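Trainee: Could we go through a structure together, one question at a time? I would like to see how each answer is reached.

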Amino acid sequence: MPGYLLEMVDITKRFPGVIALNHVNLRVMEGEIHALVGENGAGKSTLMNILSGIYGYGSYEGKIIYQGEECKFTEIKDSERKGIVIIHQELALVPYMTIGENMFLGNEQGGKYRIDWEETYRKADQLLNTVGLHESSRTYIKDIGIGKQQLVEIAKALSKNVKLLILDEPTASLNESEARKLLDLLLHLKQKGVTSIIISHKLNEISYVADKITILRDGSTIETLDKNKDDISEERIISGMVGRKLVDRFPKRTNTTIGEVSLEVKNWTVYHPIFTERKVVDNVSLRIHKGEVVGIAGLMGAGRTELALSIFGKSYGINISGNLYIHGKEVKLHNARQAIERKLVYISEDRKGNGLILANPIRENITLAKMDKVSNHNIIDANAEVIAAKEYVEKLQTKCTSIEQPVGNLSGGNQQKVLVSKWMFADPDIMILDEPTRGIDVGAKYEIYCIINQLVSEGKSILMISSELPELLGMCDRIYIMNEGRIVGEVSKEEASQEIIMGQILKTSKGV
Amino acid sequence: MDRAKEILKKNTMLIALVIITIFFALLTGGTLLVPRNVTNLIAQNGYVVVLAVGMLMCILTGGNIDLSVGSIVALVGALAGTLIVNKGMNIWLVMVICLGVGILIGVWQGFWIAYIRIPAFIVTLAGMLLWRGVALIILGGLTISPFPDNYLNLFNSYIPDIFGGTINIVSIVIGFVICVIFCILQFTNRIKLRRKGYAIEKPIFTIIKSAIICIAVMALSYTLALHAGIPTILILLAIVVLFYSYFTKKTVPGRYLYAVGGNEKAAKLSGINTNRVLFFAYVNMAFLSALAALICIARFNSAAPTAGTNYEMDAIGSCYIGGASAYGGIGTVAGVVIGAIFMGVINNGMSIMGIDANVQKAVKGLVLLAAVAFDVLSKKRGRIA
């Protein structure tokens with residue numbers, strides 16, 4: 001009987017303010033396909049990043065035992081030398097290089113100063129044959145589709161003599177036949193002795209290929225199911241994934257009345273700005289009322305952020321079609337400024353990348369989106385600005401040394417409060433909150449929820465995008481379910497449950 | 001004590017400037033600081049200050065630089081020379097035309113950079129070749145000179161002394177008035193802050209700060225008074241520096257420059273027209289290049305095809321030495337002025353010492369690298385802490 005190829009024992013990983021993994025265990029047998037499932041943020045990717053050495057030895061607690069010996073990887077090269085190769089969801093291929101060049105990038109054939117291109121392409125062609133990709137290795141990456149690129153990644157892994165292949169959401173951007181091909185390839189490689197760990201949301205695919213399934217939830221291992229012994233039906237997996245109890249983590253909303261429709265979107269379709277034939281948002285219609293919190297549930301890549309950005313003054317996508325109504329009147333918004341003037345704002349999920357200017361003080365960040373409130377004919381009224389900044393810092397209880405502190409020095413939760421302040425300062429009626437509590441601790445989350453309640457009690461409308469289902473269930477009056485660019489369901493607060501939402505998402509995923 | 005440390009940290013470049021000035025004053029046996037040389041220093045570096053202030057606006061928008069400024073100086077100078085010397089046109093009209101041409105050049109470059117989104121480096125590199133070529137075509141390869149006196153006097157003269165005597169009383173009076181105004185502003189500001197209940201620094205810091213600045217201003221005006229008084233060019237520089245200082249600190253478009261450089265995506269989602277901000281920076285740069293051209297032809301009393309060579313490097317160097325971030329979003333006009341004086345003092349000091357021009361270039365190169373390395377390293381330390 002073959003033993004364990006890999007044992008990850010008692011892995012704990014802390015990020016500032018959060019515990020991402022809490023005593024996680026993962027045991028993978030030689031020659032099996034092991035699936036890792038869990039909600040967004042459950043810790044799957046973090047675990048795999050530890051295994052591959054991206055989070056090096058010393059930055060986590062616990063032990064990695066691989067082929068019977070303890071490993072202390074400090075960088076990706078260390079794990080690759082042992083035959084552990086990770087393929088990320090975002091492919092790491094250089095578009096303007098050929099398939100062959102990409103496959104042997106960092107592992108060039110021939111001498112260091114005398115690359116043997118003939119050998120490179122010969123080997124590359126061989127490996128492409130193994131993975132069933134019928135392209136010349138001299139083709140440029142940019143000229144082949146995403147499904148084929150995925151196969152190139154696997155061929156690249158094979159070129160490194162892979163023993164343990166890790167695939168993070170390999171089929172997320174593939175169509176059905178491409179996904180099928182990929183899964184069959186995994187089964188084929190299994191027979192050749194390659195062990196795989198696959199992270200996926202598509203449970204039908206998992207039931208198709210996996211021998212064992214480990215379920216992670218909130219940074220802990222819940223259970224490992226064995227295909228031969230346990231029930232691995234989708235319902236069984238889902239209940240494992242979401243089975244936490246809802247404690248009282250959400251403040252009660254009182255004296256809020258839901259009024260007339262404030263924002264309505266009809267037949268909204270958006271195309272990808274680069275891959276222009278790809279529909280990112282597909283014929284979406286939705287409504288939000290005054291004083292209402294409406295959620296959008298969905299997996300990463302479902303098109304939620306893209307939908308929000310495209311509504312917010314066409315800040316994403318091209319060939320946008322559909323109708324937008326604010327307070328019953330049709331409006332056309334061509335840029336963010338026009339949206340802000342219509343009192344519609346979008347609060348980014350990526351506070352560091354798209355939301356705040358980290359080098360600038362809190363004061364300048366808060367007033368940036370609505371400078372005319374603190375200026376007169378373009379001349380800034382320094383006093384008015386200071387007063388405004390202080391008011392919001394106090395209102396949201398932002399912890400800082402002064403309003404002149406650069407935002408980059410604040411903790412995540414306080415940065416989020418500055419970001420929310422910035423958009424509250426813009427006097428919106430309708431606020432789109434994209435992952436408002438991402439990466440902040442439980443206490444700060446509660447405070448953000450209180451702010452949301454305060455805002456709706458003032459008659460504002462909130463559209464909340466979140467990958468954390470409990471948060472949506474706890475906060476929203478109504479939840480739209482979005483998957484692969486489409487709205488695939490709508491549930492009221494009363495009928496919503498994690499099982500219903502996850503089930504709806506998984507049911508509508510294009511699987512095998 | 002922390003406050004004192006903070007002040008030191010904030011003014012590192014100013015302290016470095018003082019040290020380097022003392023250093024060269026000693027090495028040159030005091031020649032660096034004799035009245036004639038101080039006046040000379042101002043006249044020599046006037047154009048650098050003007051160009052560096054413009055360059056700061058470009059650098060703020062995201063570490064972009066404008067390589068074409070030296071060639072624009074040559075082109076506008078050639079145009080002014082042709083119109084004033086060869087055609088004998090009214091100098092005021094010519095100055096308006098020249099500044100207008102500067103703006104047009106800026107519109108051209110700004111269009112490609114901001115709306116077509118060709119990297120600024122490439123557009124201005126093309127501009128560097130293009131405008132130099134046009135300058136050569138206008139001049140036919142020849143130098144135009146001399147300029148009429150009424151034009152030269154505009155830039156090269158001094159504020160006349162109405163009192164007479166061996167030293168220029170007007171200069172000292174102006175210096176004194178500036179000090180009084182400064183102290184009154186400091187004082188009223190304190191009162192205003194206290195009335196609104198804001199934290200104010202200890203009086204000792206305000207007094208020390210005011211004292212240092214008053215001493216510096218009085219020393220400068222006294223030194224200038226010993227020579228010929230306040231040069232008119234200094235007035236022009238003061239206007240440029242004060243205007244842009246106010247613009248970057250106190251106006252909305254100024255704030256947007258920092259926002260775009262700090263995080264363009266966030267700026268765009270905040271409703272800022274980022275294209276327009278970029279466009280403005282380059283139009284403004286070309287406008288200031290034209291102004292620098294008017295200063296340069298007066299100083300050299302000629303419009304030469306080679307005028308303005310490497311001026312872009314002086315301007316860029318001043319910005320980085322003055323603490324502007326090579327990644328954009330950080331930098332002040334005051335810092336840039338310090339950077340420009342810093343470069344000027346090094347140049348001038350080495351020239352007085354009779355150091356070979358080639359060695360001077362090498363030293364300037366090392367100083368620039370050291371300044372930017374300091375910037376990058378200090379930020380890195382900031383991140384870890």
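Trainee: Does Glu7(A) count as buried, exposed or partly exposed, and why?

Mentor: Happy to help, and please keep in mind that this is a predicted model. Glu7(A) sits in strand β1 of chain A, residues 4-15. A residue needs 20 or more C-beta neighbours within 10 Å to be buried, and 12 or fewer to be exposed. Glu7(A) has 16 C-beta neighbours inside 10 Å, so Glu7(A) counts as partly exposed.

Trainee: Which residues is Glu7(A) in contact with, leaving aside its neighbours within four places in sequence?

Mentor: Sequence distance and distance in space are separate things here. Glu70(A), for example, is 63 residues away along the chain, yet its C-alpha is separated from that of Glu7(A) by 9.2 Å. For a contact, the C-beta atoms must lie within 7 Å. With the neighbours within four places set aside, the contacts of Glu7(A) are Arg27(A) and Ile65(A).

Trainee: Now a residue in a helix: is Val393(A) buried or exposed, and why?

Mentor: Val393(A) belongs to helix α13 of chain A, residues 382-395. The cut-off for buried is 20 or more C-beta neighbours within 10 Å. Val393(A) has 22 of them inside 10 Å, so Val393(A) is buried.

Trainee: How far apart in space are Val393(A) and Ile362(A), C-alpha to C-alpha?

Mentor: Ile362(A) is one of the residues in contact with Val393(A), together with Thr398(A), Cys400(A) and Ile403(A), when neighbours within four places are left aside. Along the sequence, Val393(A) and Ile362(A) are 31 residues apart, but from C-alpha to C-alpha the distance is 8.6 Å.

Trainee: How many residues of helix α14 of chain A are buried?

Mentor: Let's start with its length. Helix α14(A) runs over residues 412-425 and spans 20 Å from first C-alpha to last, close to the 20 Å expected at 1.5 Å a residue. After this helix comes Asp427(A), with a positive phi near 50°. The helix is mostly covered, and of its 14 residues the number buried is 13.

Trainee: Stepping back to the whole of chain A, is it as compact as a globular protein of its length, and why?

Mentor: Chain A is built with 17 helices and 24 strands. Its C-alpha trace spans about 70 × 50 × 45 Å along the principal axes, and 47% of its 512 residues are buried. The globule rule gives 24 Å for 512 residues, and the radius of gyration is close to that, so chain A is as compact as a globular protein of that length, at 25 Å.

Trainee: Which element gives the most to the side of domain 1 of chain A that touches domain 2 of chain A?

Mentor: The domain assignment puts domain 1 at 4-242, domain 2 at 250-343 + 428-512 and domain 3 at 355-427. Between domain 1 and domain 2 of chain A, 22 residues of domain 1 are in contact with 16 residues of domain 2. On the domain 1 side, the elements giving two or more residues are α6 (176-191), α7 (203-209) and α8 (234-242) of chain A. With 5 residues, the one that gives the most is α8(A).

Trainee: And chain B: how many helices and how many strands does it have?

Mentor: Chain B has a radius of gyration of 22 Å, close to the 21 Å that the globule rule gives for 385 residues, so it is as compact as a globular protein of that length. Of those 385 residues, 39% are buried. Its secondary structure comes to 16 helices and 0 strands.

Trainee: Which helix supplies the largest share of the largest nonpolar core?

Mentor: That core has 242 residues, and Ala293(B) is among those with the most contacts inside it. Beyond four places in sequence, Ala293(B) touches residues including Ile72(B), Val73(B) and Cys98(B). The largest share of the core is 19 residues, and it comes from residues 274-300 of chain B, helix α13.

Trainee: Last one: which element gives the most to the side of chain B that touches chain A?

Mentor: The contact takes 19 residues from chain B and 22 residues from chain A. The chain B side divides into 7 nonpolar, 7 polar and 5 charged residues. Both α11 (252-262) and α12 (264-269) of chain B supply at least two residues. With 6 residues, the element that gives the most is α11(B).

Conventions
Residues are numbered from 1 along each chain as its sequence is written. Chains are lettered from A and ligands numbered from 1 in the order in which they are written. This is a predicted model: local features need pLDDT of at least 70, side-chain atom pairs count only at pLDDT 80 or more; totals for chains, interfaces and linings use all residues. Two residues are in contact if their C-beta atoms, placed from the backbone, lie within 7 Å. Helices (H or I, at least four residues) and strands (E, at least two) are DSSP runs, numbered from the N terminus. Ala, Val, Leu, Ile, Met, Phe, Trp, Tyr, Cys and Pro count as nonpolar, Asp, Glu, Lys and Arg as charged, and the others, Gly among them, as polar. The radius of gyration is taken over C-alpha atoms; the globule rule is 2.2 Å times the number of residues to the power 0.38. A nonpolar core is a set of buried Ala, Val, Leu, Ile, Met, Phe, Trp, Tyr and Cys residues joined through C-beta atoms within 7 Å. The expected span of a helix is 1.5 Å times one less than its number of residues. Domain bounds come from an automatic or database domain assignment.
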